[in-house]
Amino acid sequence: MDGHVPIMVQAVVRFMERCPEGLIVDGTAGGGGHLRALRAGFPDRPLLAVERDPARAEALAEEFSG
């Protein structure tokens, strides 16, 4: 989207493996890097993405609404 490279993606996914089942919230969704990794690692868990930039939020909604 903007060339941003998320950091610590695998560490976040490993951390979430220890968390109870349920909703995963990404409070700074940005370009969606962590969301993609979390969706791949936990395909059956619901995700909630928070993004204050309307253009990014719209792009994420289009990507993840399928």
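What radius of gyration would a compact globule with 66 residues have, and what does the chain have? The rule gives a value near 11 Å and the chain has 12 Å, which agrees. Keep in mind as you look around that this is a predicted model.

**The whole chain.** Start with everything selected as a C-alpha trace: along its principal axes it spans about 35 × 25 × 20 Å. Now switch to cartoon and walk from the N terminus, where the elements run α-β-α-β-α, coming to three helices and two strands. Of the contacts between residues at least 6 apart in sequence, 56% join residues at least 24 apart.

**Helix α1.** Next, select residues 9-17, which form α1, and show the side chains of Val9, Val13 and Met16, the buried residues of this helix. Look down the axis of α1: these buried residues fall within an arc of 65 degrees, so they line one face of the helix. An α-helix has 3.6 residues a turn, so residues three or four places apart point the same way. To see what covers the buried residues of α1, add β1 (24-26) and α2 (33-41), which are among the elements that do so.

**Asp53.** Move on to the loop between β2 (47-49) and α3 (54-64), where you will find Asp53. Its relative accessible area is 31%, so Asp53 counts as partly exposed. Draw a distance from its C-alpha atom to that of Val13: the two are 40 residues apart along the chain and separated by 24 Å.

**The surface.** Finally, turn on the surface. The chain exposes about 4,700 Å², with carbon and sulfur atoms supplying 58% of it. Colour by charge to pick out 7 positive and 10 negative side chains; the centres of the two sets lie 7 Å apart.

Terms used: Residues are numbered from 1 along each chain as its sequence is written. This is a predicted model: local features need pLDDT of at least 70, side-chain atom pairs count only at pLDDT 80 or more; totals for chains, interfaces and linings use all residues. Side-chain values use heavy atoms; hydrogens and water are left out. Buried means under 20% relative accessible area, exposed over 50%, partly exposed in between (1.4 Å probe, protein chains only). Helices (H or I, at least four residues) and strands (E, at least two) are DSSP runs, numbered from the N terminus. The arc is that of the directions from the helix axis to the C-beta atoms. Contact means heavy atoms within 4.5 Å. The radius of gyration is taken over C-alpha atoms; the globule rule is 2.2 Å times the number of residues to the power 0.38. Accessible areas come from the Shrake-Rupley method with a 1.4 Å probe; for residues, only the protein chains shown count as cover. Lys and Arg count as positive and Asp and Glu as negative; His and the chain ends are not counted. The place of a charge is taken as NZ of Lys, CZ of Arg, CG of Asp or CD of Glu.
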